[in-house]
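Trainee: I should like to work through this structure by asking about its parts in turn. May we begin?

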Amino acid sequence: MTLTVYNTLTRSKSTFQTIEENKVRMYCCGITVYDYCHLGHARTCLVWDVVRRYLQWSGYEVNYIQNFTDIDDKILNRAKQEGTSMAAVSEKFIAAYFEDMARLGVGQADAYPRATHTLNGIKRLIYELEQKGFAYPADGDVYYAVQNFPEYGKLSGRKLEDMQAGASGRVSTEDAQRSKKQCPFDFALWKAAKEGEPAWESPWGNGRPGWHIECSAMVREMLGETIDIHVGGSDLTFPHHENEIAQSEAVTGKPLANYWLHNGMIIVEGKKMSKSLGNFITIRELLDKYESMAVRLFILQTQYRKPVDFTEAALTTATSSWSTLKAGLLFGHQYGKQLGFADADLQDEILVSKFKLAVDDDFNFAGGLAVLFEIAKNLSKEGHMIIHEGTTKTEARELELQWRTLTKLAEILGFEAKPEQASTDSSEGLRDWEIDALVQQRNEARKNKNYAQSDRLRDELQAQGITLIDKPGGVTIWNRG
RNA sequence: GGCGACAUAGCCAAGUGGUAAGGCCGUGGAUUGCAAAUCCAUUAUCCCCCAGUUCGAAUCUGGGUGUCGCCUCCA
């Protein structure tokens, strides 16, 4: 079975083939660092990180680059508001980004280029575009002439004529006259600096780069002229990625990326989660309320291209689902020792191929998760058998096989259950003999039909995380947590 | 107005020609003093609507309805 991916450029699925054998050059459009990241950013970062992990597990060596756009009007505005510099705002939110991603369990990219570190590459690109007749200066600004790039619109599937027709009413003739642009869809490659704004020297005067050019420059610098996969949120398809293509391909004459992949948006009450609508929840707020792994499950449960509705109920549900998965993942930590688990390389090939079959189809993580749940449910059941009956139904070797497979597959998707949660260590709270004594007291009370007393004892123990299980024959066993 | 996507049980969701994965709830039974936990069983004759292609369609084609995204900053 081979990996198939949906390419925005061709609007179809095709077999994934790399430029260099077994090597993947992958670029993810990161964030503009002017505020804390919200759940929408989380989805993008998380999904593409998992895609990267999956590619690695599939045997590819992945060079994964994600940028920070740290020159931008919004950062500048924020700096003005807060009375600091653009650099200070960027640093603050880059640091926050790394904190949030660490909490989410998103792995680090291989490099995080920044616009401010890529000025030479940016200026070189603009210069080459100018030389080739794709860019023109106007009053200290430099614009890209979209009409000179015949393929403009190929990624987002639109034509300049259609856009002009459709945009009537949006692009007023008055604005067009005031603009320095030759065509309303031309976009800035370089913007002349205004008084008091950060600026860099250039052949066109002091100024700063426009929004799209930094990605073209960074991809070229870090990964080369043509890369394998370029990813980002679907809202970046137009104009950002379209413009990147125009900038890069006009200069190199080669495809910028062979595969363009876009993830769907997070929706809140029917509308896209976004800064401008103010309907966002930041990652840090979210993680104060829900487990990181539950958030991960919430996101990976849906195919990456589809929109996902954010509701509190959905996160609560995801938390319950995670408990099930967690129970399976903890199985080996809890019972592996007594069952004599030892062979770390054990793996159930049938389950692995089932997982691979699902996920190889355009990263169908939801399909893959079904395999994980199948295993987790069974292990969880076996765990209950150990607690209730003191024995398992399935032989230890088979359980180890299942558990190791589950752990491995979960790891690809970034799911991990911390063994501490399985701790039976009683360094705090009641000691075993104390519990036994209380359980005995309760059973005395039950024998005397003093149920108020017995229920009180049961509640007290429950409050300490100790669950009592009354078995037939008047035997009571207990377990922690 | 232009471009694109989606529509599957109570909710979430996979499934692209061969007769509906998985998750979360719910329900019935066992067990219990009652619970909890656990165990067993169970939950879409049907995939937005209509027409067509086919031996056969949730899956393909045409039409309709609805929802969303992009066209302005946006992950």
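Trainee: What volume does the largest cavity have?

Mentor: The model before us is predicted, and the volume is computed from its atoms. A cavity is counted here when it has 30 Å³ or more, and the count comes to two. The largest cavity has a volume of about 40 Å³.

Trainee: Which helices each supply at least two residues of the lining of the largest cavity?

Mentor: The lining consists of Leu-125, Ser-216, Arg-220, Gly-224, Glu-225, Ser-248, Thr-252 and Leu-256. By class, these are two nonpolar, four polar and two charged residues. Ser-216 and Arg-220 are among the lining residues, and helix 7 covers 213-222. Ser-248 and Thr-252 also belong to the lining, and the helices that each supply at least two residues are helix 7 (213-222) and helix 8 (237-252).

Trainee: How many charged residues does the lining of the second largest cavity have?

Mentor: About 30 Å³ of space lies in the second largest cavity. Asn-378, Lys-381, Glu-382, Met-385 and Lys-393 form its lining. By class, one residue of this lining is nonpolar, one is polar, and the number of charged residues is three.

Trainee: Turning to the open space, which residues are the closest to the centre of the second largest pocket?

Mentor: The second largest pocket holds about 780 Å³ of space. Its lining has 33 residues, and the closest to the centre are Gly-30, His-38, His-41, Asp-235 and Leu-236.

Trainee: Which class has 15 residues in the lining of that second largest pocket?

Mentor: Strand 3 (23-32), helix 1 (39-57), strand 4 (61-69) and strand 9 (227-233) each contribute at least two residues to the lining of the second largest pocket. By class, twelve lining residues are nonpolar and six are charged, while the class with 15 is polar.

Trainee: Some of those strands belong to a sheet. Which strands stand at the edges of the sheet with the order 4-3-9-10?

Mentor: This open sheet has four strands, and the pairing is parallel. Within the sheet, strand 3 and strand 9 are joined in the parallel sense by three bridges, and Met-26 has Ile-229 in strand 9 as its bridge partner. An edge strand pairs on one side only, and the two that do so are strand 4 and strand 10 (257-263).

Trainee: Why is one side of strand 5 and of strand 8 left without a neighbour in the sheet?

Mentor: The two strands belong to an open sheet of four strands in the order 5-6-7-8, with antiparallel pairing. Strand 5 (135-138) and strand 8 stand at the edges of this sheet, so one side of each is left without a neighbour because each has a single partner strand.

Trainee: Which residue of strand 7 stands opposite Val-142?

Mentor: Strand 6 (residues 141-144) and strand 7 (residues 187-192) are antiparallel and share three bridges. Tyr-143 faces Ala-188 in strand 7, and the residue opposite Val-142 is Trp-190.

Trainee: What is the bridge partner of Ala-192 in strand 8?

Mentor: Strand 7 and strand 8 (residues 207-209) run antiparallel and are joined by three bridges. In strand 8, the bridge partner of Ala-192 is Gly-207.

Trainee: Which residue takes a positive phi in the hairpin of strand 14 and strand 15?

Mentor: Strand 14 (residues 466-471) and strand 15 (residues 475-480) run antiparallel, joined by six bridges. Asp-470 stands opposite Thr-476 in strand 15. The hairpin has three residues between the strands, and the one with a positive phi near 90° is Gly-473.

Trainee: Which element gives the largest share of the surface near RNA strand B?

Mentor: The surroundings of RNA strand B comprise 59 residues, of which Lys-74, Trp-211, Leu-236, Lys-272 and Ser-321 come nearest. Sugar and phosphate account for 64% of the atoms of RNA strand B that come within 4 Å of the protein. By class, the surface near RNA strand B has 16 nonpolar, 26 polar and 17 charged residues. The largest share, seven residues, comes from helix 13 (residues 365-389).

Trainee: Which residue has a side-chain N or O atom 2.7 Å from a base nitrogen of RNA strand B?

Mentor: Two side chains may be set aside here: an N or O atom of His-388 lies 3.3 Å from a sugar or linking oxygen of RNA strand B, and one of Tyr-451 lies 3.4 Å from a sugar or linking oxygen. The side chain at 2.7 Å from a base nitrogen belongs to Asp-470.

How values were computed: Residues numbered from 1 in each chain as written. Chains lettered and ligands numbered in written order. Predicted model: local features only at pLDDT ≥ 70, side-chain atom pairs only at ≥ 80, totals over all residues. Heavy atoms only, no water. 1 Å grid on protein atoms, 1.4 Å probe; cavity = no way out; pocket = protein on both sides within 12 Å on 5 of 7 lines; lining within 4 Å. Points joined across faces, edges and corners; volume = space filled by probe spheres on them. Nonpolar A, V, L, I, M, F, W, Y, C, P; charged D, E, K, R; others polar. Pairing = 2+ DSSP bridges. Near = heavy atom within 4 Å. Polar contact = N/O pair within 3.5 Å; in protein donor to acceptor, adjacent residues only side chain to side chain.
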